[in-house]
Amino acid sequence: MKVAILGNGGFGTAMALALSRIGHQVALWGHDAVYTAHIAASRQNPRYLEGVVLPDAIRVSNDAAAVLDRAQVVLVAVPTQHVRSVATAVRAFVPPAVPLVSLAKGLEQTSGARPSQVLGEVFGEPGRVYALSGPSHAEEIAREQPTTVVVAGADPAVLQSLQSALQTPWFRVYRNHDLLGIELCGALKNVMALAAGIADGLGCGDNAKAAILTRGLVEMQRFGLAQGADARTFFGLAGVGDLAVTAFSRHGRNRAFGERIGRGETLAQALAASPKVAEGVWTSRVVVAAARTLGVEMPIATAVARVLFEDLSPKLAVRELMERDQKAEA
């Protein structure tokens, strides 16, 4: 197949490598013309995926029309807050009826919309939008380390086609009908990974991190169920799987960002020191506002948002969580 990938960050580049290796014709688009030209010439992406070489078979370009020409599937691998602007800019070049697969994991700040909803609005065809998610660090995909993910969307036939097209000997793809749940998992696990990172920065220990992830998963599922997601999704690859890898791995950018905050950096300082996007930062504020509207209790997510945007001390946030009213676990 001819695969077009919008976004030459770490994950977009890793997917380009994986799909090119199994024979697909891959074209990779980047918004920064100068840096994209550097990748095309050097065949390396040191800013986002250091240490790997892109084969000449992968076309790298800032020309959206050329990248999208005759594409049979389009992977949207730009950060959530840029999905709308990028999709709007390239809409005229996307072939009609071609599946659009979102790789973003967050919620749009201005609207609270999921990436698939944004793409559905821009293209006017929600039914052609799918999402790929799960425990999948770009650094490991690029180096052919075993990875398992899930693709979700409405049309069973298209899902099967995408599953076959995207799977490689070291990149296993499952199908799921729950697009809503898959995307909420991808967004919410970043917030919980920030909490885990803050605990790391404070030196709270493994007990605390395990508690954050366990109760964080409860919050994730509670939020999803209030919007109609399938409860089972939160115990699958996109839920507990992605939560675990993001919160524990050295590659987890949200965990690493949270660690900076736990060690005493301000939001502005951590943002300035982090070239890669930590989606959970912006998602936390959107989630807390939505949870308030839905009447859903999310103490960990609320604590993260208050630490980031209301100058709550991380130590005080932990103390407040530990001193909450006693209750049954269920």
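In which handedness of crossing does α14 pass α15? In this predicted model, the crossing of the two helices is right-handed. Helix α14 covers residues 299-309 and helix α15 residues 314-322, and their axes come within 10 Å and cross at roughly 160°. Anything over 145 degrees counts as roughly antiparallel, so α14 and α15 are roughly antiparallel to each other. On the α14 side, the contact is made by Pro299, Ile300, Ala303, Arg306 and Val307. Facing them on α15 are Pro314, Ala317, Glu320 and Leu321. Sorted by class, that gives seven nonpolar residues, two charged ones and no polar ones in the contact of α14 with α15.

Stepping back to the chain as a whole, there are 15 helices and ten strands. The C-alpha trace spans about 60 × 40 × 35 Å along its principal axes. A compact globule of 330 residues would have a radius of gyration near 20 Å, and the chain, at 19 Å, agrees with that.

Now for the sheet. Eight strands make up an open sheet with mixed pairing, and reading across it the order is β5-β2-β1-β6-β7-β8-β9-β10. The edges are taken by β5 (59-61) and β10 (171-176); each has a single partner strand, so one side of each is left without a neighbour in the sheet. On average, neighbouring strands here are turned by 25° against each other, direction ignored. Strands of a sheet pair through backbone hydrogen bonds, and they can do so either parallel or antiparallel. One parallel pair in this model is β6 (residues 73-76) with β7 (residues 100-102), joined over three bridges. Within that pair, Leu75 has Val101 of β7 as its bridge partner.

Two helices can be placed against these strands. Helix α7 (residues 156-166) lies across β6, β7, β8 (129-133), β9 (147-152) and β10, and runs at about 170° to β10. Helix α8 (residues 179-202) also packs on the sheet, where it touches β7, β8, β9 and β10. The direction of α8 makes about 45° with that of β8.

Besides the sheet, α8 has helix partners, and one of them is helix α9 (residues 206-227). The axes of α8 and α9 come within 9 Å and cross at roughly 150°, so the two helices are roughly antiparallel to each other. The crossing is right-handed. From α8, the contact draws on Leu180, Leu184, Cys185, Leu188, Lys189, Met192, Ala195, Ala196, Ala199 and Asp200. The α9 side contributes Lys209, Ile212, Leu213, Gly216, Glu219, Met220, Phe223, Gly224 and Gln227. By class, twelve of the residues in the contact of α8 with α9 are nonpolar, three are polar and four are charged.

Helix α10 (residues 237-248) also packs against α8, with the axes 9 Å apart and an angle of about 30° between them. That angle makes α8 and α10 roughly parallel to each other, and their crossing is right-handed. Here α8 puts in Ile182, Cys185, Gly186, Lys189, Asn190, Met192, Ala193 and Ala196. The α10 residues in the contact are Ala238, Gly239, Asp242, Leu243, Thr246 and Ala247. The contact of α8 with α10 breaks down into eight nonpolar, four polar and two charged residues. Cys185, Lys189, Met192 and Ala196 of α8 turn up in the contact with α9 and also in the one with α10.

That leaves a hairpin. Strands β3 and β4 form it, with three residues between them. Strand β3 (residues 44-45) and strand β4 (residues 49-53) run antiparallel and are joined by two bridges. In this pairing, Asn45 stands opposite Leu49 in β4.

Definitions and conventions:
Residues are numbered from 1 along each chain as its sequence is written. This is a predicted model: local features need pLDDT of at least 70, side-chain atom pairs count only at pLDDT 80 or more; totals for chains, interfaces and linings use all residues. Side-chain values use heavy atoms; hydrogens and water are left out. Axes are lines fitted to C-alpha atoms, for helices over the stretch in contact, and angles run from 0 to 180 degrees between N-to-C directions. Helices (H or I, at least four residues) and strands (E, at least two) are DSSP runs, numbered from the N terminus. Angles under 35 degrees count as roughly parallel, over 145 as roughly antiparallel, 65 to 115 as roughly perpendicular and the rest as oblique. A crossing is left-handed if the near helix is turned anticlockwise from the far one by less than a right angle, and right-handed if clockwise. Contact means heavy atoms within 4.5 Å. Ala, Val, Leu, Ile, Met, Phe, Trp, Tyr, Cys and Pro count as nonpolar, Asp, Glu, Lys and Arg as charged, and the others, Gly among them, as polar. Two strands pair if DSSP finds at least two bridges between them. The radius of gyration is taken over C-alpha atoms; the globule rule is 2.2 Å times the number of residues to the power 0.38.
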